[in-house]
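The following exercises concern helix geometry, helix packing and residue burial. Please consult the sequence and the structure shown below while working through each solution.

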Amino acid sequence: MLLTSRRLRAALLATASATLVAATLPASAPEPLGIGDPLFPHLGNPGYDVLAYDIGFTYRGDNTKPLDAVTKIDARTTRRLDRINLDFTQGVVRSVEVDGVRAAFATAGEDLVVTPRESVEAGSPVRVTVTHTSVPTGGKGGWVRTKDGLAMANQADAAHRVFPGNDHPADKAAFTFRVTAPSRLTVVANGLPVAKSRAGATTTWTYRTHHPMATELAQVSIGDSAVVRRKGPHGLPVRDVVPKADRTKLEPWLAKTPGQVEWMERQVGRYPFETYGVLIAGAETGFELETQTLSLFERSLFTRPEYPEWYVDSVMVHELAHQWFGDSVSPRLWSDLWLSEGHASWYEALYAHEHADKPLEKRMREAYRLSDGWRAAGGPPAAPEPPSSGKQLSLFRPVVYDGSALVLYALRQEIGAGEFRRLERDWVRDHRDGTAGTVDFIRLASAVAGRDLSDFFQAWLYGRKTPPMPGHPDWKGEAAK
């Protein structure tokens, strides 16, 4: 994600209250659970690992009204479960089945708590089917209303406003989307199309991912869209989704993507997914978002004359870089966000350095000057302060962007450019399609460097004050206010 508050304003997501229809409650009251993430303690659920989601939406052409939906979750239990907690809020639940048998359900906080007729033993496969509505909420995350339909923006904790699931990046899974919409509209989702069928005035589109995905990265676009196709490196299918009326106007920007993918591959290795493209939406979100294989952008980024070409290019590369850092390799905890945003900001800055005469060292020196203030305001890079209540996007502060790219610059200064490049390529190769955290990065960096870098990272990632910059003893920070 790249917040455009750096350009115009901050986008804040409010936590919405659940509106679920409950069946008969079990004897003891249900309670919300979580996996213990320090920043989002109630996100995720213990006791099972989701293997696959199969999600069906029916959209009737009015983006102010709820969609009918059916979410099927295939999971494997990791312990005996008398209840199965799912993250879900906003929608109305009409029924729940566990392995084809009707189950009781109730709500607790932002959890949907399911009680099957019989407990599910540890190590068992289980399918939970939820029939529900999915509610567009305007500016509150999840479904984003566009001028001609809908798109998704689920980061950081908004996927469970769209569909029930295990809404934490630590539990990645395969996704299938089956979306029925008026035939005049176009539907695009993560992954590649596998089926399309028309019945009367509606068409059902089916998409499937080829790689596991975190819930926060899910994307479904429904609108009066043009789908523009071209080839990227190694024949990679590049698929861009834009408002039909803007197809010609936006082509100069769309044509840049294959070259940007090629540039990123030179930095860190082969693109990790089955397709890529940009989704340009007629909406003002306040941010751009790295939804897997189809990054979400505001139309205004490409049409407002005050944004210079080099800046728009670098924002495009920021979201592209996330496909490696954040999507293919997802953060194990939300406090590992610096690994995603720091790397995306690093390659954004490096691209501007190489293509637009925007010196990397100048940007990093300015970040160093401001770093103590960023740490004081939002915590150090790997130990950020929790987001403000009801304002979950406040987690995305300057310290996780250029403040974390500064850590990578310091690391390159410390171990040398060659070893740093090797580290980056090893990181995305070793953890492809998985999750990884700060401890994993420190361990790999130490192995690549051939020496223990624990003290270096302790100071740079967890210190309240920014350490001296290797190779630049003259760099000075501005006193925190």
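**Exercise 1.** Is the crossing of α2 and α5 left-handed or right-handed? Describe the geometry and the residues of this contact.

*Solution.* The model is a predicted one.
Step 1. The axes of α2 (residues 257–268) and α5 (residues 337–356) come within 12 Å, crossing at roughly 110°.
Step 2. Angles of 65 to 115 degrees count as roughly perpendicular, and α2 and α5 are therefore roughly perpendicular to each other.
Step 3. The crossing of α2 and α5 is right-handed.
Step 4. On the α2 side, the contact involves Gln260, Trp263, Met264, Gln267 and Val268, which meet Tyr347, Leu350, Tyr351, Glu354 and His355 of α5. The residues of this contact comprise six nonpolar, three polar and one charged.

**Exercise 2.** What span should helix α4 have at 1.5 Å a residue? Determine also how far the helix is covered.

*Solution.* Step 1. The expected span is 1.5 Å times one less than the number of residues.
Step 2. For the 14 residues of α4 (residues 309–322) the expected span is therefore 20 Å, and the end C-alpha atoms are 20 Å apart, in agreement.
Step 3. Twelve of the 14 residues of α4 are buried, so that the helix is mostly covered. Among them are Tyr311, Val312, Asp313, Met316 and Leu320.

**Exercise 3.** Is Asp313 buried or exposed? Identify its surroundings, and treat Thr257 likewise.

*Solution.* Step 1. Buried means under 20% relative accessible area. Asp313, in helix α4, has a relative accessible area of 11% and is therefore buried.
Step 2. With neighbours within four places in sequence left aside, Asp313 is in contact with Trp253, Lys256, Gln260 and Tyr351. The C-alpha atoms of Asp313 and Ala352 are separated by 7.9 Å, although these residues are 39 residues apart along the chain.
Step 3. Thr257 belongs to helix α2. Its relative accessible area is 1%, and Thr257 is therefore buried.
Step 4. Not counting residues up to four places away in sequence, Thr257 touches Val238, Asp240, Tyr276, Val278 and Met316.

**Exercise 4.** Which elements do the buried residues of α8 pack against?

*Solution.* Step 1. Helix α8 (residues 417–430) has 14 residues and reaches 20 Å from its first C-alpha to its last, close to the 20 Å expected at 1.5 Å a residue.
Step 2. Phe420, Leu423, Glu424, Asp426, Trp427 and Val428 are buried in α8.
Step 3. The buried residues of α8 pack against the helices α2, α5, α7 (402–415) and α9 (438–449), together with the strands β22 (329–331) and β23 (434–436).

Technical notes: Residues numbered from 1 in each chain as written. Predicted model: local features only at pLDDT ≥ 70, side-chain atom pairs only at ≥ 80, totals over all residues. Heavy atoms only, no water. Helix = DSSP H or I, 4+ residues; strand = E, 2+ residues; numbered from the N terminus. Buried < 20%, exposed > 50% of the residue type's maximum accessible area, 1.4 Å probe, protein only. Axes fitted to C-alpha atoms, helices over the stretch in contact; angles between N-to-C directions. Parallel < 35°, antiparallel > 145°, perpendicular 65-115°, else oblique. Left-handed = near helix turned anticlockwise from the far one by under 90°. Contact = heavy atoms within 4.5 Å. Nonpolar A, V, L, I, M, F, W, Y, C, P; charged D, E, K, R; others polar.
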